[in-house]
Amino acid sequence: MNDKIKIQDFSEPVEKSYISADDVRRKLSNLKQITFEVTDACNLKCKYCGYGEFYDDYDLRTNRKMGLSIALKVIDYLVNFWNSEQNMSANRNVFISFYGGEPLLNMPLIESVVDYMEKLPCRNRKFVFSMTTNALLIERYMDFLVAHNFYLHISLDGNEYNTSYRVDKSEEPAFRSIIENVNALKAKYPDYFEDRVNFNAVLHNRNSVGDIYDYFKSNFNKIPGIVELNNMGIRPDKVALFQKTYRNSRESLYQAENYETIEQDMFIRLGTYQSVNIFLHQYSGHVYYDYIDLLFGQREKTVPTGTCLPFGKKMYVTVNGKILPCERIGQQFALGNVTESGVELDLQAISDRYNAYFAKLDTQCSKCYNTKACIQCIYNLHHLEDNPVCQGYMDEPMFAAYKARQMDFLRKHPEDYYRIMENVIVE
């Protein structure tokens, strides 16, 4: 890990402009989610933690708690954008999310932010609260979470053996303590548990997609989210151990005896449905992302790769006040800071940085046949600062094979076309 990761400097202009400062401003004005890393402290020491022994692309963890002033400065900064003319959606929900470490270790800040947001005069936004938690403190704080309608994402990897990488600071398994808290919440607030609680499982060499699905379906009648271990920022001396621990979700899915049932139930969260959904979004010609597309026609994609435009999906604010586009990328890629004087976010500098990144990949992307449905994030490319190579590149035969797979699936499962169009695209 790095004691202090520096923000990259892109002061050299590039010949071609892919995005502008105005594009960044529009995304801020229509921001869908803010995630606050309210503390870097945790009451667990999970073996594969994204801030643990495998990785070196995050700031030193010092059991720090975010101060309320950082959160409020970000919120006040964004209100000006939400109330601007570039806001294109009336009464849109904005998720205010809390992350860690274990966020419930900084409950006073969470309570203060919730109180502030519920009183905030912002005519164009409705605020919804969510949290990712290991659940060890759920029973203590569940009354507050239920009272404010939090969406809870509980981190659990399946049964006791599946979850054995989740250990406390004494290396003792945490599974039973987690389940006790989960069951206490379910018993006291069954309707809330049904409507607002779900599970996120990390896939690794002690579980499988089948294990995870079966456990949550049979014990809680829930369809969990499943994520692979992040394969970026791996320490050189931990590569072998990481590879031993890592498991590919698609391969694991198709190893399950009941993989078709699992795939149908998990729908676009995993496997073929996810791929077909992206294909239909980009190639059907019938998907409009906002009223401007609907009224004036769909705009041509001008950005290489499938990278989200900065703040196109969320803003992530670390406990140290760094501002990033996502919590799953290295903290060396911070786009700005929150300081005592306020939010430092240079929109022109951000667009310049992205333009510099895109310029490095434009030659590859201009020859790729799958540019419309590309999902490759630039931050998941090795050697981004030097000579990145896109792993998602498709030449003409590769694209023909990809297209044939999607069309073959739709021919065999015509009912799923309507399921995707109605339940995903329309909603």
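**Exercise 1.** In this predicted model, find which residue of E7 stands opposite Thr35, then place the two strands in their sheet.

*Solution.* Start at Thr35: the residue facing Thr35 is Tyr316 in E7. Next, look at the strands themselves. E1 covers residues 33–37 and E7 covers residues 315–317; the two run parallel and are joined by three bridges. Now step back to the whole sheet, which is open, has ten strands and shows mixed pairing. Reading across, the order is E6-E5-E4-E3-E2-E1-E7-E8-E9-E10. Finally, check the edges: E6 (225–227) and E10 (342–344) each have a single partner strand, so one side of each lacks a neighbour in the sheet. On average, neighbouring strands here are turned by 20 degrees against each other, direction ignored.

**Exercise 2.** Describe how helix H7 packs against helix H10.

*Solution.* Two numbers come first, since a packed pair of helices is described by the angle and the distance between the axes. For H7 (residues 209–220) and H10 (residues 259–266), the axes come within 11 Å and cross at roughly 65 degrees. Then add the hand: the crossing is left-handed. Last, list the partners. H7 brings Val209, Gly210, Tyr213 and Lys217, which meet Thr261, Ile262, Asp265 and Met266 of H10. Sorted by class, this contact holds four nonpolar, two polar and two charged residues.

**Exercise 3.** Characterise the second largest pocket by its volume and its lining.

*Solution.* Begin with the volume, about 360 Å³. Of the 18 lining residues, Met232, Gln332, Leu381, His382 and His383 are the closest to the centre of this pocket. To finish, classify the lining: seven residues are nonpolar, seven polar and four charged.

Technical notes. Residues are numbered from 1 along each chain as its sequence is written. This is a predicted model: local features need pLDDT of at least 70, side-chain atom pairs count only at pLDDT 80 or more; totals for chains, interfaces and linings use all residues. Side-chain values use heavy atoms; hydrogens and water are left out. Two strands pair if DSSP finds at least two bridges between them. Helices (H or I, at least four residues) and strands (E, at least two) are DSSP runs, numbered from the N terminus. Axes are lines fitted to C-alpha atoms, for helices over the stretch in contact, and angles run from 0 to 180 degrees between N-to-C directions. A crossing is left-handed if the near helix is turned anticlockwise from the far one by less than a right angle, and right-handed if clockwise. Contact means heavy atoms within 4.5 Å. Ala, Val, Leu, Ile, Met, Phe, Trp, Tyr, Cys and Pro count as nonpolar, Asp, Glu, Lys and Arg as charged, and the others, Gly among them, as polar. On a 1 Å grid over the protein atoms alone, a cavity is a set of points where a 1.4 Å probe fits but cannot get out, and a pocket is an open set with protein on both sides within 12 Å along at least five of seven lines; lining residues have an atom within 4 Å of a point. Grid points are joined across faces, edges and corners, and a volume is the space filled by probe spheres set on the points.
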